[in-house]
Amino acid sequence: MTRLYYTDSFLSEFDAQVVDLVTAPRPAVVLDRTAFYPTSGGQVFDTGWLEANGTRLRVLEVAEQDDRILHYLEAAPANLAVGVSVRGTIDVPRRREHMQQHSGQHVLSAAFIRLFEMPTVSFHMGDEACTIDLDTKAAAPEQVEQAEDLANQIVMEDRPVEIRFVSLEEARRLGLRKLPPVEREQLRLIDIRDFDLTACGGTHVRSTGQIGAILARKVEKVRQGVRVEFVCGGRALAAARRDRLALNEAAGVLSAHIWELPEQVRKLADEGKAARKQRSELLNELAELRAARLLEETPETNGFHVVVKVFPDRSLEFIKLLAQKLARAEGKRAVALLGAGEGSPALVFAQTAELPYDMGALMKEALAASGGRGGGTKDMAQGGVAKVEMIEAALERVRARVR
Ligand SMILES: [Zn+2]
């Protein structure tokens, strides 16, 4: 089986013969030669098409299994059999994009080695970004910037990227950045002129200029070292564009320049926190005053006050506070049957601890006819109803119970 991409990363169309057909678990074809790259070494598989006897079949995924390359197809191929000739076409934009990420990884990994002796221990290519894991305890932001600068300098110098095949012995003599874990007689080397020499089976650009910009996106500590997320070429452009749109939108909302956003956002967050604190203090004070006035306005009968009131413009939070203030007012005893209309319509019942009623039971009774839900303890209960108009009726249902 010949891997055509080994010697030519830019070959996108080729002729081959079917050597095997796989039916389970998914339909797949094995060819005598292929330009399709199977997922390996951190680089993701190619997609594309196989054409035979006038029918085009979509290749959804390509994987390597026991030294065979399986081309997984969208549907079982009715017109394919062992020995049939096919024409393969790979999805070129997808491959080019992968080559940019993969070649960019070689350059970035070499930059971390050259500057700080931080070796790359793993590479991952995701749908949106790639990551390398560096074997180091820490990488300072300035170090990441310096590696990023050197990588982009190598890109701008447009250095040739060549494929070489050497023996293992020769490879050892050449001093590779990374030797493959498996011992092979022949090694495939990727040579970025006078910058990086490494053994790799992936597909690469012809010269570093084809990689485009290399941008670090995120640096985080992981178990095996430091993970650097990065994007190259087309992905770098897409990521920068998305950042710009998001930043411009945020800056528009705040009528600020994008560079002022961190400061402005921090200021807003602080203001929000202070405002919430102030609001809760004011609400508490208001509840205190309202409770005192309500007790004054409501005559005492049988030694306690019964306060029944609906607040259409107040929330559950407020009537809860108010109910507590009423029930715990100094030197007074009270039952509070309150309703609130703001947000989800709600009811709160409370009584001074020594009074004999059961707020939880009263709440259930009040809500029974309206289909609302609620409950609580002997001294405090809360519930909700579907509409504001139901509050009044619910209160009426139980006010006569408290005498
Ligand atoms: Zn490579």
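Axes here are lines fitted to C-alpha atoms, for helices over the stretch in contact, and the angle between two of them runs from 0 to 180 degrees between N-to-C directions. With that in hand, let's walk through this predicted model, starting with a pair of helices. Helix H4, covering residues 233-254, packs against helix H5, residues 261-297, at an angle of about 55°, and their axes are 11 Å apart. An angle under 35 degrees would count as roughly parallel and one of 65 to 115 as roughly perpendicular, with the rest between them called oblique. H4 and H5 are therefore oblique to each other. As for handedness, the crossing of H4 over H5 is left-handed.

Who does the touching? On the H4 side you'll find Leu247, Ala250, Ala251 and Leu254, and these meet Leu261, Gln264, Val265 and Leu268 of H5. Sorted by class, that contact comes to 7 nonpolar residues, 1 polar and no charged ones.

Next up is the metal. The zinc ion is held by four side chains: His102, His106 and His204 each offer NE2, while Cys200 offers SG, at 1.9 to 2.2 Å. The angles among the 4 donor atoms run from 98 to 124°, and the site is tetrahedral. If you like motifs, the donor spacing along the sequence reads H-x3-H-x93-C-x3-H. Where do His102 and His106 sit? Both belong to helix H1 (residues 92-116), 4 residues apart, which is about one turn of the helix.

That helix also has a packing partner. H1 packs with helix H2, residues 141-156, at an angle of about 125°, and the axes are 8 Å apart. H1 and H2 are therefore oblique to each other, and their crossing is right-handed. From H1 the contact draws on Val107, Leu108, Ala111, Phe112, Arg114, Leu115 and Phe116, and from H2 on Gln143, Val144, Gln146, Ala147, Glu148, Leu150, Ala151 and Ile154. By class, the contact of H1 with H2 splits into 11 nonpolar, 2 polar and 2 charged residues.

Further along the chain there is one more pair to look at. Helix H7 (residues 359-368) packs with helix H8 (residues 389-399) at an angle of about 130°, and the axes are 8 Å apart. H7 and H8 are therefore oblique to each other, and H7 passes H8 in a right-handed crossing. The residues in contact are Leu362, Glu365 and Ala366 from H7, together with Ala394, Arg397 and Val398 from H8. Counted by class, this contact of H7 with H8 has 4 nonpolar residues, no polar ones and 2 charged ones.

Finally, a couple of backbone oddities are worth a click. Most residues other than glycine have a negative phi, and most peptide bonds are trans. Against that background, Asp158 has a positive phi, near 50°, without being a glycine. You'll find Asp158 in the loop between H2 and strand S11 (161-167). The other oddity is a cis peptide bond joining Ala24 and Pro25, with omega at about -5°. Pro25 belongs to the loop between strand S2 (13-22) and strand S3 (28-31).

Terms used: Residues are numbered from 1 along each chain as its sequence is written. This is a predicted model: local features need pLDDT of at least 70, side-chain atom pairs count only at pLDDT 80 or more; totals for chains, interfaces and linings use all residues. Side-chain values use heavy atoms; hydrogens and water are left out. Helices (H or I, at least four residues) and strands (E, at least two) are DSSP runs, numbered from the N terminus. Angles under 35 degrees count as roughly parallel, over 145 as roughly antiparallel, 65 to 115 as roughly perpendicular and the rest as oblique. A crossing is left-handed if the near helix is turned anticlockwise from the far one by less than a right angle, and right-handed if clockwise. Contact means heavy atoms within 4.5 Å. Ala, Val, Leu, Ile, Met, Phe, Trp, Tyr, Cys and Pro count as nonpolar, Asp, Glu, Lys and Arg as charged, and the others, Gly among them, as polar. Donors are N, O and S atoms within 2.8 Å of the metal (3.2 Å for Na, K and Ca); water is not among the atoms, so sites may look incomplete. Four donors count as tetrahedral if all angles lie between 85 and 135 degrees; four count as square planar and six as octahedral if opposite donors are over 155 degrees apart and all others between 65 and 115; anything else is irregular.
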